[in-house]
Amino acid sequence: MKTMTLPLPSPRELRTELDPYARPDARRAVRQLLVTLGLYILGWAAMYASLSIHYALTLLLAIPTAGLLVRIFIFFHDCGHNSFLPSKNANKQLGFWLGVLVFTPGEQWWHAHAIHHATSSNLEKRGIGDVETKTVTEYQALSPLQRLGYRLFRFPAIMFLLGPIWMFLIQHRFPIPKFGKKQTLSIIWTNLAILGLATLLSLLLGFWNYILIQLPIIWMAGAAGIWLFFIQHQFPTVYWANDNEWDYTASALLGASYYRLPAFLQWFSGNIGFHQVHHLNPRIPNYNLAAAYQNSPLIQQNTIVIKIRQSLSYARLSLYDETEKRMISFADLR
């Protein structure tokens, strides 16, 4: 993994490189949407048909179907940035219904995600839209019970296997108290729409058949989504800074990675592996991220690249060492 150091490109240089790609294209967006939703419906149909053969086949078919749901989540994510379609209203309307499919209330998640973009890698503004990360000093100041709680939260099996169930089936069903009326209403309307869709599919397919199909899809897609978000901001040399030293460009280029994936995984993940480009300019739609990176030598020279094999070892990283300015594991601390 390449390590970057300051100085970095200026905001003006980066705007020149990226602004041409920050233009939503309705044709490309609609084509993406129709192809992906069509394949997702076919995946559901195939899983339903497989129930009469063997549930192992159903679970096997759930893997690509969950991959399609990850891709749908990226469209939902883009709608929140008003980057998927040219029309702000169309993004909001489409984003709501995509949020129903991915069990995520649009206005609340988009608001938290906007805070994430504005505060990513800022040590004094953690807590909303990010993966909870404590510094070594903070961890050592915790009581034994609090340390246990944090260690359990950061344990990979809990974060990536139980985390999707907690986040998408439970946490997203309730409003964040510090958020406003608009976000709370989005929770209510999304919950009602999810209930309505679940009822309709249960009447058509049978309640238990619906559960046997929907549960593995949302679990697998959720696990993949949490992993992608985690690895894009949790790697050994990741940038963190106090508020008075924090820099937006550094938070994008040093605090977000380019997760280099095989072409088929890049497709399923909606190009979100180009996460440094996305943080530099969130108005770039997913279908322009690869081109923005490939046509910008300036960004390529200042990007932290992570490959799949090396990323697997990063799951153990749990603490930020302010002295060494590195992410470390609990074993490293000992």
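This is a short tutorial dialogue on reading helix packing, salt bridges, burial and backbone angles in a predicted model.

User: Let's start with helices. What describes two packed helices?

Analyst: Two values do the job: the angle between the axes and the distance between the axes. Take H3 (residues 55-80) and H4 (residues 88-101) in this predicted model. Their axes come within 8 Å and cross at roughly 150°, and the crossing is left-handed.

User: Which residues of H3 and H4 meet?

Analyst: On the H3 side you will find Leu69, Ile72, Phe75, Phe76, Cys79 and Gly80. Their partners in H4 are Asn91, Lys92, Leu94, Gly95, Leu98, Gly99 and Leu101.

User: At what angle do H9 and H10 pack?

Analyst: Helix H9 (residues 181-205) and helix H10 (residues 207-233) pack at about 115°, and their axes are 7 Å apart. Here the crossing is right-handed. Ala198, Leu201, Ser202 and Leu205 of H9 meet Phe207, Asn209 and Tyr210 of H10.

User: Staying with H9, is threonine 190 buried or exposed?

Analyst: A residue counts as buried because its relative accessible area is under 20%. Threonine 190, in helix H9, has 1% relative accessibility, so it is buried. Leaving out residues up to four places away in sequence, threonine 190 touches Phe96, Gly99, Val100, Thr104, Pro105, Gly106 and Arg173.

User: Now the charged pairs. How many salt bridges are there?

Analyst: To judge a pair, look for a side-chain nitrogen of Lys or Arg within 4 Å of a carboxyl oxygen of Asp or Glu. By that rule there are five salt bridges. One of them joins glutamate 107 and lysine 182, with 3.8 Å between the closest N and O atoms. This pair links distant parts of the chain, 75 residues apart: glutamate 107 belongs to helix H5 (residues 106-119) and lysine 182 to helix H9.

User: How accessible are glutamate 107 and lysine 182?

Analyst: Glutamate 107 has 19% relative accessibility, so it counts as buried. Lysine 182 reaches 52% and is therefore exposed.

User: Where does the salt bridge partner of lysine 125 lie?

Analyst: Lysine 125 pairs with aspartate 243, the closest N and O atoms being 3.6 Å apart. The two sit 118 residues apart, with lysine 125 in the loop between H5 and S1 and aspartate 243 in the loop between H10 and helix H11 (248-253). Lysine 125 is partly exposed at 43% relative accessibility, and aspartate 243 is partly exposed at 32%.

User: And what does arginine 316 pair with?

Analyst: Arginine 316 forms a salt bridge with aspartate 332, again with a closest N to O separation of 3.6 Å. Because arginine 316 is in the loop between helix H16 (308-312) and strand S4 (317-321), and aspartate 332 is in helix H17 (residues 330-333), the pair ties together parts 16 residues apart in sequence. Arginine 316 is partly exposed, at 45%, and aspartate 332 is partly exposed too, at 44%.

User: Let's turn to the backbone. What sign does phi have in most residues other than glycine?

Analyst: Most non-glycine residues have a negative phi. That makes a positive value a useful thing to look up. Asparagine 271 is not a glycine, yet its phi is positive, about 65°. Asparagine 271 lies in the loop between helix H12 (263-268) and helix H13 (275-280) and is buried, with a relative accessible area of 14%. Lysine 325 also has a positive phi, about 55°. Lysine 325 sits in the loop between S4 and strand S5 (326-329) and is exposed at 52% relative accessibility.

User: How far is lysine 134 from asparagine 271?

Analyst: Their C-alpha atoms are separated by 29 Å, and the two are 137 residues apart along the chain. Lysine 134 is in strand S1 (residues 134-135) and is buried, at 19%. Beyond residues up to four places away in sequence, lysine 134 touches Arg126, Leu142, Tyr150, Ser318, Leu319 and Tyr320.

User: Finally, the surface. Which residues form the nonpolar patch?

Analyst: Val35, Leu39, Leu42 and Trp267 form it, with about 340 Å² of accessible area together. Helix H2 (residues 26-50) supplies the largest share, three residues. Valine 35 is in helix H2 and counts as partly exposed, at 42% relative accessibility.

Notes:
Residues are numbered from 1 along each chain as its sequence is written. This is a predicted model: local features need pLDDT of at least 70, side-chain atom pairs count only at pLDDT 80 or more; totals for chains, interfaces and linings use all residues. Side-chain values use heavy atoms; hydrogens and water are left out. Patches are made of residues with over 30% relative accessible area and no salt bridge: like charges are joined within 9 Å, nonpolar side chains (Val, Leu, Ile, Met, Phe, Trp, Tyr) within 5 Å. Accessible areas come from the Shrake-Rupley method with a 1.4 Å probe; for residues, only the protein chains shown count as cover. Helices (H or I, at least four residues) and strands (E, at least two) are DSSP runs, numbered from the N terminus. Buried means under 20% relative accessible area, exposed over 50%, partly exposed in between (1.4 Å probe, protein chains only). Axes are lines fitted to C-alpha atoms, for helices over the stretch in contact, and angles run from 0 to 180 degrees between N-to-C directions. A crossing is left-handed if the near helix is turned anticlockwise from the far one by less than a right angle, and right-handed if clockwise. Contact means heavy atoms within 4.5 Å.
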